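Biologist: Please choose a single part of this chain and take me through it closely, with the cut-offs behind each term.

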Amino acid sequence: MDIFSKINHIASAASGMATGAFELGKLNLKLTAEEKRITETTAKIGECLLFHLDEGQTYEEPIMSLYEDVLASRAAILALKAQVANLNGNLLCTACQTENTKESKFCKECGAKLDEQEPIIAELVEEEDLCTACGAVLPEDGMFCTACGKKREDIFCCCCGCGGDELCCDEDELDEDEDGEEVGDLE
């Protein structure tokens, strides 16, 4: 083989490799486009399903527990937005979640009457008053988060600190403190 034949052979091989790389690149682009299409379609299915769940449709598990997760996240978002509005010196419309000045009687975005709506948070919520699982505001008198059902981590039995699953001590062992609150006899 002479030098020109070798060069021609090397050029042909390089051309074939370039063509192969080009074809591989095209296939990878098509693959990525199809994967993106599946992701977008899955999101649309989820949006349709969520719409029907919001309208009251019920489904079997695990859809309903996933929907509970969405509701818990919505509650956490609403509580956080109310905190932001409060820090900004504003009110949050519970109908559309738009911040309005404290002087507003109607929402600037949706027109809902603000004074008829229950305030979401009257004052800033301390971090320990938020659920560690979903971030929702915890009820003062409950043992579980009303948004996600997780047991509160800050409640302890008054007599032994067992976690508050039940009152371990008898009622006759309870004393009252200066404020008239019942406290366990820790002796």
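Modeller: Helices (H or I, at least four residues) and strands (E, at least two) are DSSP runs, numbered from the N terminus, and on that basis the protein chain reads α-α-β-β-β-β along its sequence, with 2 helices and 4 strands. The model is predicted, so local features need pLDDT of at least 70 and side-chain atom pairs count only at pLDDT 80 or more, while totals for chains, interfaces and linings use all residues. Residues are numbered from 1 along each chain as its sequence is written, and side-chain values use heavy atoms, with hydrogens and water left out.

The part I would choose is helix α2, which runs over residues 63-87 and has 25 residues. From its first C-alpha to its last, α2 reaches 36 Å, close to the expected 36 Å, where the expected span is 1.5 Å times one less than the number of residues. Buried in α2 are Met64, Tyr67, Ala72, Ala76, Ala79, Ala82, Gln83 and Ala85; buried means under 20% relative accessible area, exposed over 50%, and partly exposed in between (1.4 Å probe, protein chains only). An α-helix has 3.6 residues a turn, so residues three or four places apart point the same way. The cover over the buried residues of α2 includes α1 (3-54), β1 (90-92) and β2 (99-101), where contact means heavy atoms within 4.5 Å. After α2 comes Gly89, whose phi is positive, near 75 degrees. As a setting for these buried positions, 19% of the 187 residues of the protein chain count as buried, whereas Phe4, in helix α1, counts as exposed because its relative accessibility is 65%.
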